[in-house]
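Please look through the structure below with an eye for local details of the backbone and of the surface. The paragraphs after it take these details one by one.

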Amino acid sequence: MSNWTHQHILDLATFSKKDYFSVLELAHRFKSLPNTGARKLPALQGKLVTTLFFESSTRTRSSFELAARNLSADVQSFSPSISALKKGETPLDTALTYVAMGADILVVRHSVSNVPEQLAKELQHAGQRTAILNGGDGLHSHPSQGLLDLYTLANYFDPINPNPDALIGKRIVIVGDILHSRVARSNLWALTACGADVTLCGPKSLLPEEFEAFVDHPPPGQKDDPIDKRGQIKIEYSLTKALSKADAVMALRLQKERMHQNYLTDLNSYHFEYGLTHEKLKYSGKLIPVLHPGPVNRGIEISNDLLEDRSICLVEKQVQNGIPIRMALLYLIAAIDS
Ligand code: CP
């Protein structure tokens, strides 16, 4: 893993094809470990991993903590509702406080975009070597989710050797609240980097046409795209058309907490047009897997029957794969530091 160069993991726009290979290969090795006494590896012994979640989470926070423990790190978590944030302390001063306690890696989630990146810059400015791992920031990025989704799909298409090339030429549909989704944005970087073509689908109010050019230019502050040739992005407002010839579909949560205006007429109409059901999947012409990053609004983004159909619904596998993926990310950035 000597090719790894990222001190922080903030966004997948900076990931090269080699980076995707490194993460998936390592995650697959961690996942394949016998579930015996060998479950805990000594790789992060003596390191302190702090989960600094300013916004709520079940999956990301818990699986980062489990991943860190599986690598023998010490784990410290922060509860915003009973913290000094309530007395007006800033995210930066909160981060510096945990750095002063010896945090080697901060896993940061915040409802405002780019907070993890700002913290990384500020810590660097303060001469600190603490690594920042983005656990999801505003509408911007959720890199560990993008990677676990990529791994879940690679595993589906090539169970023996789940690697990024398993995505070449695959047609992946992402349906739902694209506008507010950091998961969609991270998946767009990851899937197109690995050669998949992505069709984005949803109501016009939640899917601006500009998304078609989302990966055409590196984000501000980044000089080049590390990927020579990406897959394409298409916009399709009809789900039945989007599903035609699709190889997989990912539904996204309607993020009501981020909707500050009326984006939808009503939830029943949304489910009728864009909710995934066994019936609608038939438009793909074959059996295709269904993903959702969670949490799910049951009966709205996916019907209950489909959500519980383990033969094609990979939601549980996504959660399981989050652990080895996050182990791989912690392992790789800890190795940079040592
Ligand atoms: N997918 C995801 O980020 O879930 P949590 O909000 O539960 O972490």
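What follows is a walk through a few local features of this model, which is a predicted one.

A useful background for the backbone is that residues other than glycine mostly have a negative phi, and that most peptide bonds are trans. Against this background, Ser 72 has a phi near 70°, a positive value in a residue that is not glycine. Ser 72 sits in the loop that runs between α2 (59–70) and β2 (74–77), and because its relative accessible area is 19%, under the 20% cut-off, Ser 72 counts as buried.

A positive phi is also found at Asn 114, where the angle is near 75°, again in a residue other than glycine. The loop that holds Asn 114 lies between β3 (105–110) and α4 (115–125). With a relative accessible area of 28%, Asn 114 is partly exposed.

Further along the chain, the peptide bond between Gly 294 and Pro 295 is cis, with an omega of about -10°. Pro 295 has its place in the loop between β9 (290–291) and α10 (304–307).

Turning from the backbone to the surface, which residues gather in a patch of negative charge? They are Glu 209, Glu 210, Glu 212 and Asp 216. Of these residues, Asp 216 lies in the loop between β6 (197–201) and β7 (233–236). The relative accessible area of Asp 216 is 49%, and because exposed means over 50% and buried means under 20%, Asp 216 is described as partly exposed.

Note on methods: Residues numbered from 1 in each chain as written. Predicted model: local features only at pLDDT ≥ 70, side-chain atom pairs only at ≥ 80, totals over all residues. Heavy atoms only, no water. Patch = residues over 30% accessible without salt bridge, like charges linked within 9 Å, V, L, I, M, F, W, Y side chains within 5 Å. Areas by Shrake-Rupley, 256 points an atom, 1.4 Å probe, with all protein chains shown as cover. Salt bridge = Lys/Arg side-chain N within 4 Å of Asp/Glu carboxyl O. Lys, Arg positive; Asp, Glu negative; His and termini not counted. Charge placed at Lys NZ, Arg CZ, Asp CG, Glu CD. Helix = DSSP H or I, 4+ residues; strand = E, 2+ residues; numbered from the N terminus. Buried < 20%, exposed > 50% of the residue type's maximum accessible area, 1.4 Å probe, protein only.
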